[in-house]
Amino acid sequence: KRFLDSDRVRLAVLPERATSTSDSSVDRGVMPGASSSRQYSPPVPVHERLPNGLDLLYVEKSGLPMVSLGVLLNGGAAADPVDRPGLAQMTAAMLVEGTSTRTSQQISEEMEFLGSMLYTDVGRDHLMVFADTLTSNWPQALEIIADVLKDATFPARELVRVRREHLADLKRMSTDPTNISQRAIRALLYGPDTAYGHAIGG
C-alpha cells in the first residue's frame, strides 16, 4: 500500500505472444559427451628493425579498424634507487603531464579528439607508454607518444598534484590486507632493500 499505490505506471505489450510447453527428449541424468578440441594458432609477431635501431614488433589482425601501439622501454621498478622506491612509477606518471610543446591538458584534449587515451604502465623490468586508436588516427597518436617520451618537462606544478595523489593512494593501500600481504611477501622473498623486494609504487 505504501509503494504500489495508484501513482504508478503499468506496461502491457499486446498482443501477448502465445506460449506453450514442449516435451524434451534430453536425458538430464546423463553427462553430455565432450566435443572435439578446437585448434588454435596464436598470431606470430613480426620483427623488424628500423633504420634508427629501434626494434619493431607487430601483429596484424583484420577486423576492427583499430590500432594498439606503444613504446616499451627496458627498465622499471627494479632500477629504482634503494632510497627512492617508486621512482619509476612516478616518472611514468609524470611523462604525460607536459612536454616542451604541450601541457597536460593539451595532451589529454588531443588524445580525446582522436577518440583515444594515453596510458603508462610500469612493471618490474619495463616502462611502457601506449594507446588504442582508430587506424586513421594512429600517426597522430604515435606523434604524441613520441613527444611525451622525448620532450617531457616534468612541470613542478603537476608534480605536486601527482605526488599528492600518489601519497593518498599509498595511504589507502596501507589499510588493504591484500596489498599489505603482497608487499610483505616480496620483502620476505627478496629482501626489502633489493630491486625486486620493494613495491612498484614505493
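## How α2 meets α3

In this predicted model, helix α2 goes past helix α3 in a left-handed crossing. The α2 side of the contact comes from Ile 107, Glu 110 and Met 111, while α3 brings in Ala 141, Ile 144 and Val 148. Sort those residues by character and you get five nonpolar, one charged and no polar.

As for the geometry, α2 covers residues 104-113 and α3 covers residues 138-150. Their axes come within 10 Å of each other and cross at roughly 160°. Angles over 145 degrees count as roughly antiparallel, so that is the label for α2 and α3 relative to each other.

## What α1 tucks away

Next up is helix α1, which takes in residues 87-95. Its buried residues are Ala 88, Met 90, Ala 92, Met 94 and Leu 95.

What do the buried residues of α1 pack against? Two strands and two helices are on the list: β4 (119-122) and β5 (126-134), along with α3 and α4 (156-173). So α3 turns up again here, because buried residues of α1 pack against it, and α3 also has its contact with α2 through Ala 141, Ile 144 and Val 148.

## The β1-β2 hairpin

Over in the strands, β1 (residues 46-49) pairs with β2 (residues 55-58) in the antiparallel sense, with four bridges between them. Within that pairing, Val 46 sits opposite Tyr 58 of β2.

The hairpin has five residues between its strands. Keep an eye on Gly 53 in this hairpin: its phi is positive, near 90°.

Notes
Residues are numbered from 1 along each chain as its sequence is written. This is a predicted model: local features need pLDDT of at least 70, side-chain atom pairs count only at pLDDT 80 or more; totals for chains, interfaces and linings use all residues. Side-chain values use heavy atoms; hydrogens and water are left out. Axes are lines fitted to C-alpha atoms, for helices over the stretch in contact, and angles run from 0 to 180 degrees between N-to-C directions. Angles under 35 degrees count as roughly parallel, over 145 as roughly antiparallel, 65 to 115 as roughly perpendicular and the rest as oblique. A crossing is left-handed if the near helix is turned anticlockwise from the far one by less than a right angle, and right-handed if clockwise. Contact means heavy atoms within 4.5 Å. Ala, Val, Leu, Ile, Met, Phe, Trp, Tyr, Cys and Pro count as nonpolar, Asp, Glu, Lys and Arg as charged, and the others, Gly among them, as polar. Buried means under 20% relative accessible area, exposed over 50%, partly exposed in between (1.4 Å probe, protein chains only). Two strands pair if DSSP finds at least two bridges between them.
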